[in-house]
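Okay, everyone, thanks for coming. Let me put the structure up, and then I'll talk you through it.

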Amino acid sequence: MNAIDTPVNTKIVARSEEASDIFTLTLQFTEDQKQGYTFFPGQFNMLYLFGVGEVPISILSHGDGDTLYAHTIRRVGRVTQGMSLLQVGDHIGLRGPFGRGWPLPLAQGKDVLIITGGLGCAPSVSIIHHILKHRVAFGRLFILQGVKHSDDLIFQKQYQQWAALPNVQVALAADSSKPNWPGHTGLITELLEQINLDINNTLCMMCGPEGMMRASVQRLTQLNFPEDAIYLSLERNMECAVGHCGHCQFGGDFICKEGPVFPYPQVKALLNKKGF
Amino acid sequence: MPYFLAYEQFNDLITALTALGYRCLGPQVEDGSIVFDDLSDATQLPWGMRDQQKPGYYRLQKSELNEAFAWANGPQAIKPLLFKPKESLWRVERDEKGAFTFKETLPEHKPIALIGARACDLAAMAIQDKTLLQGQYVDPHYRWHREHLLVIAVNCSYSGGNCFCVSTQTGPKATSGYDLALTEVQNGFVVEIGSDKGLSLIESLHCVEASATKTAQAEERSNHAANMQTKRMPKDNSRALRDILMNNLDHPRWQEVAERCLSCGNCTAVCPTCFCHHQTEYPTVDGNGSVHAREWDSCFTEGHSAIHGQVVRDTTEKRYKQWLTHKLGTWWDQFDTSGCVGCGRCVTWCPVGIDLTEEMAAIAGEFNTKEKTS
Amino acid sequence: MEEIKPRIAIHKFTSCDGCQLAFLHLGEDLIRLAEKVDIVHFVEMGPINPTAKVDVAYVEGSISTPEEAKRIREIRDNSRYLVTIGACATSGGIQALRNFADTQSWMKAIYATPKTVSTLDTATAISKHVKVDYEIYGCPVNSQQVLASLLSLLQKVTPTARRDKVCLECKRLGYACVMVTKGEPCMGPITHTGCGALCPSLGRGCYACYGPAENINTDSLTQWLSSLGLSDAEISRHFLFIQNSAPGFKEAGLKLKKKKTP
């Protein structure tokens, strides 16, 4: 069966609660349906809730021979609302993988700067996993994560684990924070002052709210960071995931097909325009 | 080598198509407009009918000319036959263990022979082919309908008040995409062959070759239709419009048109190249099955750009801008063509008569009218 | 062990009873539905238990009397989800026209002993009185919409909330536009879809019984209707009809009503 046109059956093998409205479902293909399924970090799946519909969710697990695929989901719409009630053993339909992922081959031999905000960290987890698994192929790894409030931070343990690794620097920022917040209180762009960037040998990958990404790009370019070394993951309404339904059209691109990851120069013109 | 199909042979054409297993569709008058419906006899054709079209206005009148194709077009092109307004994509069954079985729901019906498609309709079909057939992904439903369609085009001998296919270089004479192309002349049709299927069909009807007089008459008919057009698309619908639009995203005209626009989506529904659709779910009451379907959507709806609680295009200004910049602008980036074929449907069927050529002219600083050349 | 089925109630306030028929019109699906849920209160069908605790309460009708204002609060307290069905329950319905008039004077004009009639000065939507979880528009509502809402709620999922215009449905179904082909006034371009473009399918204009769609432009439609030859008073009546108190319609209608004809 073609997993592009029609979903295949998967089973929930693990479920974890990341925050009050964020949860992770780990899915396993049933029968022999995983044959031929591989994905690149940054790509997404369409997950189907029985009788309700599909939602695009980025794939967390790295793609090298894994049989389990984790998806971190925020409960925001009717499908994700229903999915949040599912338990281990329940089934979910899956179509995918779709889209163009992160430019990992281009990052080889370079430092990697990851800037994420809000749930934006979810699509980037797959890059981090990939880099850590192929550690020698990459230089230093900077992980900058911003949240509105310190309570919003998810994957806290993972950040601690990553921070302890050699050549990895983790910096967290919260617009507002509770006492004993170990990170920075303020804007994520201010974290760029805390790291020792080699602007000519770094690839930046960012995802999260567009305002945060615009501000980060602005700060980076002020620091003379080259625009073409910045990649960002965009999000729009996606229903078909194959560039046919028209909802995610963004200028001359379909975000589901040409994206969701774009080199900054490709989307620069419309990124600041309301309504696109 | 063009052939001649006499009026008296038209029913033979229908009979031959039916014998080949086709469901025959042809133009007919229904509820005040010309639509494609089941055709079993030539008398059902809109003999003598002529459409008067203005922005937001369509009326049929009986003309003195008792011809079957003396009109320009109706509200829909070929689109509803290929990219259906509503279509189920797949169904799913849930077993007692909760596991799913998905099954694609491909159409099952007779192939269709469509008589009376216009040059602009064929140009639009070629554009939809690019969107749904010729990219990285193939739409299996569209492909099914496309493979089960035979097209008998009829070249226009008259242009409606909103036609501008001369300016968009998509008509009034069909140049490709048809199996047969007819041009109505005195007492019948000059027939051009577009495919092997078309050729064997016409050979089975024992048509004679068209005389030089008839062929010249056909040529003259097409020229007449071309010459009567007064509307044009600025920059003749060229790629130049892309940059003009993208450099004028803050033009005051967007707000002005938004004051008139109802954001009802009629323009997108009649546009023969618009392809936006949304997906819906029809679960069965017993809870064991569900059908996943799609239906035409429009960039003029809230749902089109809604994403977890936000609406990217929350105002009419943003929606109209999306429609025009895509149709005439970024369509070039995606499909190497304009999304407009000059059929004028979005102008006619806008309930408040908004004319995209006029809006484009205001933004481009150019005229949207041309002199009649005869 | 017998499975505990979700409990459903269908309540009636000031209304014509027509929206409740949406359930009865489900035909065989109603029988299938009855296997999945317990319909504990539905006077039109038989079961009566107005104070039952339920998972989903469907409410028809507007709040027009002091007794109704009290009863809707009890229903809210007894219901996990409260869904309003129809024009009366979602915007006040045709009877909300009285909100634009002086209650005391028309009471005197109609009833011999107005004092024996217990009424509020207004007929208002349920949402003006209690929290409503979901609203289904229409006069009457469409059976399939009601069913879809219930199937969603049974899955603990919010029902779909598309508020597109009738025009889109009309075009999908291939009906001729009555305004463009005949110059007949049609409220389709500002009206909420769901009816299946019933009136245009019969060659007449939509009269907006499903209430306002999202992002409506009443000024532009008013201008166009005026260009078709309708007077301000006529256009005003198009807005101030079944959904006279719905947001957008009310303002547009009253603006025209107040306008002095030159």
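Before I give you a burial figure, here's the cut-off: a residue is called buried if 20 or more other C-beta atoms lie within 10 Å of its own C-beta. And keep in mind that this is a predicted model.

So, chain B. Of its 374 residues, 53% count as buried by that cut-off. In secondary structure, chain B has 13 helices and 16 strands. Its radius of gyration is 22 Å, and the globule rule gives 21 Å for 374 residues; those are close, so chain B is as compact as a globular protein of that length. If you want a box around the C-alpha atoms of chain B, taken along the principal axes, make it roughly 65 × 60 × 35 Å. Now the contacts: if you take those in chain B with a separation of 6 or more, 71% of them are between residues 24 or more positions apart.

One residue to look at in chain B is B:Gln169. You'll find B:Gln169 in the loop that runs between α5 (165-168) and β10 (180-185) of chain B. Is B:Gln169 buried or exposed? Well, partly exposed, because 15 other C-beta atoms lie within 10 Å of its own, and buried would take 20 or more. B:Gln169 also pairs up in space with a residue from another part of the sequence: B:Asp236 is 67 residues away along the chain, yet the two are 8.1 Å apart, C-alpha to C-alpha.

Over to chain A. Here we have two domains, domain 1 at 8-98 and domain 2 at 104-271. Their C-alpha centres lie 22 Å apart. Where they meet, 18 residues of domain 1 of chain A are in contact with 19 residues of domain 2 of chain A. Which elements supply the domain 1 side? At least two residues each come from β1 (8-19), β3 (44-49), β4 (53-58), β5 (68-74) and β6 (91-98) of chain A. Sort that side of domain 1 by class and you get 9 nonpolar, 5 polar and 4 charged residues.

Last stop, the place where the two chains meet. There, 36 residues of chain A are in contact with 40 residues of chain B. On the chain A side, β1, β4 and β6 of chain A are the elements giving two or more residues. By class, the chain A side that touches chain B comes out as 10 nonpolar, 17 polar and 9 charged.

That's my tour, thanks.

Note on methods: Residues numbered from 1 in each chain as written. Chains lettered and ligands numbered in written order. Predicted model: local features only at pLDDT ≥ 70, side-chain atom pairs only at ≥ 80, totals over all residues. Helix = DSSP H or I, 4+ residues; strand = E, 2+ residues; numbered from the N terminus. Buried ≥ 20, exposed ≤ 12 C-beta atoms within 10 Å, placed from the backbone. Domains from an automatic or database assignment. Contact = placed C-beta atoms within 7 Å. Nonpolar A, V, L, I, M, F, W, Y, C, P; charged D, E, K, R; others polar. Rg over C-alpha atoms; globule rule 2.2 N^0.38 Å.
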